[in-house]
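Could you walk me through this model, strand by strand and contact by contact? I would like to know what to look at along the way.

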Amino acid sequence: QVQLVESGGGLVQPGGSLRRSCVASTSDSSFYAMGWYRQSPGEQRELVARVDRDGIKLYADSVKGRAFISRDSAKNSVDLQMNNLESEDTALYYCNYRQSRLGSLYWGRGTQVTVSS
């Protein structure tokens with residue numbers, strides 16, 4: 001099993017920045033990819049950012065240039081830095097983790113990010 005602990009959610013003003021962190025706890029050392037999804041009211045869940053075992057990063061078009069993901073392999077964690085936040089970034093953000101290319105996808109509990117003045 002993989003347990004994911006999310007932190008860094010909360011309320012920020014438009015134009016502000018937020019850093020989020022997700023720490024994975026597992027007895028299995030294998031790793032394939034780790035990242036963040038989000039879901040806002042009335043919208044489908046979407047990938048925000050992900051980094052894989054080779055260090056390859058990908059971002060949703062909606063956050064390119066504003067979101068930056070990094071991985072700390074020693075801590076088995078990822079950080080997501082988001083800048084120039086807008087109200088459209090308001091969503092429930094979920095950390096996710098995949099141990100192998102075809103392996104199971106694990107989810108964090110989901111934490112709220114609200115962008116409002």
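Here is a walk through the model, from its confidence to its strands, its disulfide, its core and a few individual residues.

Keep in mind that this is a predicted model. The chain has an average pLDDT of 95, and 100% of the residues score at least 70. Confidence reaches its highest mean, 98, in strand β6 (residues 57-59). The lowest mean, 94, belongs to strand β10 (residues 105-107).

Let us begin with strand β1, which covers residues 3-7. In a regular strand, side chains alternate between the two faces of the sheet. Along β1 the side chains do alternate: Leu4 and Glu6 point to one face and are buried. Gln3, Val5 and Ser7 point to the other face and are not buried. Strand β1 runs antiparallel to β3, and 5 bridges join the two. Within that pairing, glutamate 6 has cysteine 22 of β3 as its bridge partner.

Cysteine 22 takes us straight to the disulfide. How many disulfides does a search of the whole structure find? The search finds 1, and it joins cysteine 22 to cysteine 95, with an S to S distance of 1.9 Å. This pair links distant parts of the chain, since cysteine 22 sits in strand β3 and cysteine 95 in strand β9 (residues 91-98), 73 residues apart. The torsion about the S-S bond of cysteine 22 and cysteine 95 is about -85°, so the disulfide is left-handed. Are the two cysteines buried or exposed? Cysteine 22 has 0% relative accessibility and therefore counts as buried. Cysteine 95 also counts as buried, because its relative accessibility is 0%.

Next, turn to the nonpolar interior. The largest nonpolar core has 26 residues, and Leu4, Met34, Trp36 and Leu80 touch the most other members. Strands β3, β4, β5 (46-52), β7 (67-72), β8 (77-82), β9 and β11 (111-115) each supply at least two residues of this core. Which strand gives the most to this core? That is β9, with 4 residues.

Leucine 80 is worth a closer look. Setting aside neighbours within four places in sequence, leucine 80 is in contact with Leu18, Arg19, Arg20, Trp36, Val48, Ala49, Ala67, Phe68 and Ile69. One of these, isoleucine 69, stands opposite leucine 80 in β8. The strands β7 and β8 run antiparallel and are joined by 6 bridges. Together β7 and β8 form a hairpin with 4 residues between them. In the turn, asparagine 76 has a positive phi of about 55°.

Now for a polar residue away from the surface. Arginine 38 lies in strand β4, and with 6% relative accessibility it counts as buried because the cut-off for that label is under 20%. What does its side chain meet there? The side chain of arginine 38 makes a polar contact of 2.8 Å with the side chain of glutamate 46. A polar contact of 2.9 Å links the side chains of arginine 38 and tyrosine 93. Leaving out residues up to four places away in sequence, arginine 38 touches a list of residues including Gln44, Val48, Ser62, Met82, Asp89 and Leu92.

Strand β9 also holds tyrosine 94. Tyrosine 94 has 14% relative accessibility, so it counts as buried. Apart from neighbours within four places in sequence, its contacts include Glu6, Trp36, Tyr37, Arg45 and Trp107. Lysine 57 makes a useful yardstick for distance: tyrosine 94 and lysine 57 are 37 residues apart in sequence and 17 Å apart in space, C-alpha to C-alpha.

We finish in a loop. Serine 30 is found between β3 (18-25) and β4 (33-39). With 28% relative accessibility, serine 30 counts as partly exposed, because that label covers values from 20% to 50%. Its side chain makes a polar contact of 2.9 Å with the side chain of aspartate 28. Beyond its neighbours within four places in sequence, serine 30 is in contact with Tyr97 and Gln99. The C-alpha atoms of serine 30 and serine 100 are separated by 6.9 Å, although these residues are 70 residues apart along the chain.

Note on methods:
Residues numbered from 1 in each chain as written. Predicted model: local features only at pLDDT ≥ 70, side-chain atom pairs only at ≥ 80, totals over all residues. Heavy atoms only, no water. pLDDT = per-residue confidence, 0-100. Buried < 20%, exposed > 50% of the residue type's maximum accessible area, 1.4 Å probe, protein only. Contact = heavy atoms within 4.5 Å. Polar contact = N/O pair within 3.5 Å; in protein donor to acceptor, adjacent residues only side chain to side chain. Disulfide = S-S within 2.5 Å. Pairing = 2+ DSSP bridges. Core = buried A, V, L, I, M, F, W, Y, C linked by side-chain atoms within 4.5 Å.
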